[in-house]
Amino acid sequence: MSESNGGGRGEAGPAGDDVRSDLQVVLDLAETGGLDIDLTSKVGALYGPAVEETVTDTLRGLGVLNARVRVDDKGALPYVIAARVEAAARRAGVVGGDGQPERTAAAAEPTARDRLRRSRLYLPGDQPKLAVNAGLHRPDGIILDLEDSVHPDEKDSARLVVRNALRCVDFLGAERMVRINPPPVGYDDLEAVVPESPHLILLPKTETAEQVREVAARILETQLRSTGDGETEAPPIWLMPILETALGVENAFAVAGAADTVVALTVGLEDYTADLGVRKTPEGEESLYARMRLVNAARAAGVQPIDSVYGDVADEEGLREWAERSRGLGFEGMGCIHPRQIRPIHEAFAPSREEIERASLIVRAFEEAEAQGRSVVSLGTRMIDPPVVRRARRLVSLARRVGLIEEE
């Protein structure tokens with residue numbers, strides 16, 4: 001575990017033979033002598049000078065001109081090098097300066113409130129090896145996680161890696177999400193990531209509407225500061241509260257309507273079942289009440305209901321069954337803890353060919369009746385009520401959005 005001893009030394013990043021796409025940095029501040037960099041790199045023959053240049057540029061940006069730096073590089077990309085060097089410097093006591101790398105990813109366009117959120121892939125924030133190619137798996141969203149997957153001693157270093165990833169990694173159209181820690185640690189997370197304009201922030205352990213409002217206000221304040229002039233309008237950063245306790249579930253509707261930037265509501269079943277004191281089962285009967293309450297609250301508030309993750313990566317059949325039941329309950333998507341879960345989830349949340357054909361017939365019958373001025377609509381021997389038409393139109397719209405039928 002990396003830590004600072006408080007005496008001008010800082011360490012950051014993992015060490016060991018099994019490390020890849022990362023590095024360890026040990027930094028000792030000095031009064032004189034300039035920057036003395038001792039580099040060991042598995043890619044040193046090709047990229048050694050570039051690694052040293054990144055280390056030097058980062059330290060100069062932080063105002064560090066004299067230090068002894070030992071770097072053990074396992075093929076880290078420049079944004080990761082910069083993050084680990086900055087973390088080591090901060091742990092050594094450096095305050096101020098700017099250690100951010102040059103932005104290399106195109107600025108992400110804002111996402112729509114109702115965009116597809118069938119899948120969201122969790123990536124531990126302190127494991128950059130998983131982030132670089134994550135977009136190739138085509139999840140609807142990618143979550144750079146700063147909460148449960150990051151050791152408490154590594155929160156500070158992880159948030160710099162996540163901040164830099166938002167600046168430098170192309171996630172190939174996936175919605176860029178960050179799961180912050182519960183406040184007050186979460187406020188430090190927001191200070192780091194909000195200026196990089198993530199699309200969505202997940203709020204863990206949410207129990208009250210006030211918690212959501214406080215985070216929404218903090219995001220807005222940080223956006224106003226980061227624009228500099230206080231007048232430039234920043235794109236909205238959406239919120240997805242995670243309900244993980246009995247109290248949070250009971251307050252689901254208030255949480256869903258707490259801020260106009262809330263676009264979805266989800267549930268964390270591991271913590272929820274622990275709070276209830278019950279065993280989490282593959283069938284999920286013990287959490288059915290919570291999930292149905294969440295769906296109802298989300299629909300009532302006009303936001304998307306999103307289900308939890310399925311924890312057994314090796315059980316694809318169980319995942320498909322869970323996802324199909326989830327869609328049947330009214331959810332629009334769920335979380336993923338491994339890329340192999342993305343395709344089964346997308347298939348489970350897509351309407352079947354039979355559903356599409358039936359819904360298309362209903363929509364056409366209704367539109368033909370409207371065009372002819374008829375108030376009574378039927379399909380075969382069955383009368384078609386307005387709620388049936390609304391449901392059919394919604395299904396046809398979903399089928400278009402996921403590419404199962406072409407736009408007219």
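**Cavities and cysteines: worked exercises**

By class, the largest cavity is lined by 7 nonpolar residues, 2 polar ones and no charged ones. Keep in mind that this is a predicted model.

**Exercise 1.** Find out how many cavities of 30 Å³ or more the whole structure has, and what volume the largest one has.

*Solution.* Start with the search over the whole structure: it turns up 2 cavities of 30 Å³ or more. Then take the largest cavity, whose volume comes to about 40 Å³.

**Exercise 2.** Which residues line the largest cavity, and which element gives the largest share?

*Solution.* First, list the lining: P124, G125, Q127, P128, A131, L144, V161, V162 and A165. Next, look at helix α3 (residues 155-168), which gives the largest share of that lining with 3 residues.

**Exercise 3.** Now describe the second largest cavity: its volume, its lining and the classes of its lining residues.

*Solution.* The volume is about 30 Å³. Going round the wall, you meet R358, I362, L379, R382, M383, I384 and V388. Both α12 (353-371) and β14 (382-383) supply at least two residues each. Sorted by class, the lining has 5 nonpolar and 2 charged residues, with no polar ones.

**Exercise 4.** Count the disulfides, then decide whether C168 and C336 are buried or exposed.

*Solution.* The disulfide count is 0. For burial, the cut-off is under 20% relative accessible area. C168 has 17%, so C168 is buried. C336 has 0% relative accessibility, so C336 is buried too.

Key: Residues numbered from 1 in each chain as written. Predicted model: local features only at pLDDT ≥ 70, side-chain atom pairs only at ≥ 80, totals over all residues. Heavy atoms only, no water. 1 Å grid on protein atoms, 1.4 Å probe; cavity = no way out; pocket = protein on both sides within 12 Å on 5 of 7 lines; lining within 4 Å. Points joined across faces, edges and corners; volume = space filled by probe spheres on them. Helix = DSSP H or I, 4+ residues; strand = E, 2+ residues; numbered from the N terminus. Nonpolar A, V, L, I, M, F, W, Y, C, P; charged D, E, K, R; others polar. Disulfide = S-S within 2.5 Å. Buried < 20%, exposed > 50% of the residue type's maximum accessible area, 1.4 Å probe, protein only.
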